[in-house]
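Work through the exercises below with the structure open beside you. Try each task before reading its solution.

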Amino acid sequence: MTNISIIGGSGYGGGELLRLLLAHPRVELKQVTSRSHLGEYVYQVHPNLRKRTRLKFSDPQALEPVDILFLALPHGQTQLKINQYAKLAPKIIDLSADFRLRDVDFYKEWYGEKHAAPEWLSKFVYGLPEIHRAELTTANYVSGIGCNATASNLALLPLVKADLLDLSTPVLIEIKVGSSESGAGGNMGSLHAERAHVIRTFSAFGHRHTAEVIQEMGVKDISLTLTAVDLVRGVLATAHAKVKQGVCIKDLWKAYRAIANGNPFLRVMKERRGIYRVPEPKILAGSNYADLGFDLDESTGHVVSICAIDNLMKGASGSAVQCMNLMMGWEETTGLEFMGLHPI
């Protein structure tokens, strides 16, 4: 068995990691840290894990060496101690934003501060298997992915991969997000009284996840607009762009099918009848799938590409476990077979 530990296991991302790794047939969970819940049973913070583990949250200073170390700390903390963490495990998967961007100046531009460990940026592989599968098979260090960036990247991936986009026009992506995106700590806007029954745009331009889409898709003229909706889990990204002259709906079908056929967790959802004709985050809760949809106005070249994910799974912990499987040479889908619930 491969020994693993998690630093920062009390948040939503850490809780999902625990749920997935406790059921994973190839790993053994050794330690989970949390300063704020030190000494408490893991299931006292994550009640869905009751009777699945008797682990208690331990002090980060008491960590022992393992084969793989997962880091689920708030942004900015990992880069301060990455040299220390690297001594604990030969392989690290970091869920934070600290090592997602490869260029130090690009990082400063989007995060407004200098990176504390710039020499480490080039060592990390961006943790989205649909883009970096080959690199992940030989990687020792893997970065986290932004959930909004994941939905946006996957929405654009078929179009970019097939070279169908007319990049002389801007790409606009409207993203609707659930409340769990703000994390277990939350803020005033996360309170039920303020968050329930809302459709509230909270970032019209300039969200930090935009940088990941620019980096991974190579699309510079792009804008993400984020809107909070009355949902706990889920991200729905709706991208508006223009395709090259002469591109037709058959070309899109070919591009989307090729992407779905080459990736075990990507599905094309474009139905002519029924309730679920296009991607819907609700039916993806708890699963690592990403559903893709599209449509095209052939008279104008205006394409709409849609991606739905569970932000805590495909947008964070699920992709992290998928990356671990690739890093270790295991079947990519191991421990990630849950299909989601319907109805929910």
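## Exercise 1: The shape of helix H10

Task: find where H10 bends and by what angle.

Solution. In this predicted model, H10 bends by about 45 degrees, and the bend is at serine 319. Next, check the span. H10 has 16 residues. A straight helix at 1.5 Å a residue would reach 22 Å, but the end C-alpha atoms of H10 are only 20 Å apart. Finally, look just past the end of the helix: glycine 329 has a positive phi of about 75 degrees.

## Exercise 2: Glutamine 322

Task: decide whether glutamine 322 is buried or exposed, and name the side chain that shares a polar contact with glutamine 322.

Solution. Step one is to place the residue: glutamine 322 belongs to helix H10, which covers residues 313-328. Step two is the accessibility. Buried means under 20% relative accessible area. Glutamine 322 has 0% relative accessibility, so it counts as buried. The helix around it is mostly covered too, with 15 of its 16 residues buried. Step three is the partner: the side chains of glutamine 322 and lysine 314 are joined by a polar contact of 2.8 Å. Step four is the wider surroundings. Setting aside neighbours within four places in sequence, glutamine 322 has contacts that include Pro129, Glu130, Arg133 and Phe265. Asn288, Glu332 and Leu336 are also among them.

## Exercise 3: Phenylalanine 338

Task: classify phenylalanine 338 by its accessibility and list the residues it touches beyond four places in sequence.

Solution. Phenylalanine 338 is in the segment after H10. Its relative accessibility is 40%, and therefore phenylalanine 338 counts as partly exposed. Leaving out residues up to four places away in sequence, phenylalanine 338 touches Ala285, Gly286, Ser287, Asn288 and Tyr289. Take tyrosine 289 as one case: it is 49 residues from phenylalanine 338 along the chain, yet their C-alpha atoms are separated by 9.1 Å.

## Exercise 4: The cysteines

Task: explain why cysteine 323 has no bond to the closest cysteine sulfur.

Solution. First, recall the cut-off: a disulfide needs two cysteine sulfur atoms within 2.5 Å. Second, find the candidate. The closest cysteine sulfur to that of cysteine 323 is in cysteine 147, at 15 Å, so the pair is too far apart for a bond. Third, count for the model: the total is zero disulfides. Last, compare accessibilities. Cysteine 323 is buried because its relative accessible area is 1%. Cysteine 248 has 25% relative accessibility and so counts as partly exposed.

Notes. Residues are numbered from 1 along each chain as its sequence is written. This is a predicted model: local features need pLDDT of at least 70, side-chain atom pairs count only at pLDDT 80 or more; totals for chains, interfaces and linings use all residues. Side-chain values use heavy atoms; hydrogens and water are left out. Helices (H or I, at least four residues) and strands (E, at least two) are DSSP runs, numbered from the N terminus. Buried means under 20% relative accessible area, exposed over 50%, partly exposed in between (1.4 Å probe, protein chains only). A polar contact is a pair of N or O atoms within 3.5 Å; within protein, one must be able to donate a hydrogen and the other to accept it, and residues adjacent in sequence count only if both atoms are side-chain atoms. Contact means heavy atoms within 4.5 Å. The expected span of a helix is 1.5 Å times one less than its number of residues. The bend at a residue is the angle between axes fitted to the seven residues ending there and the seven starting there.
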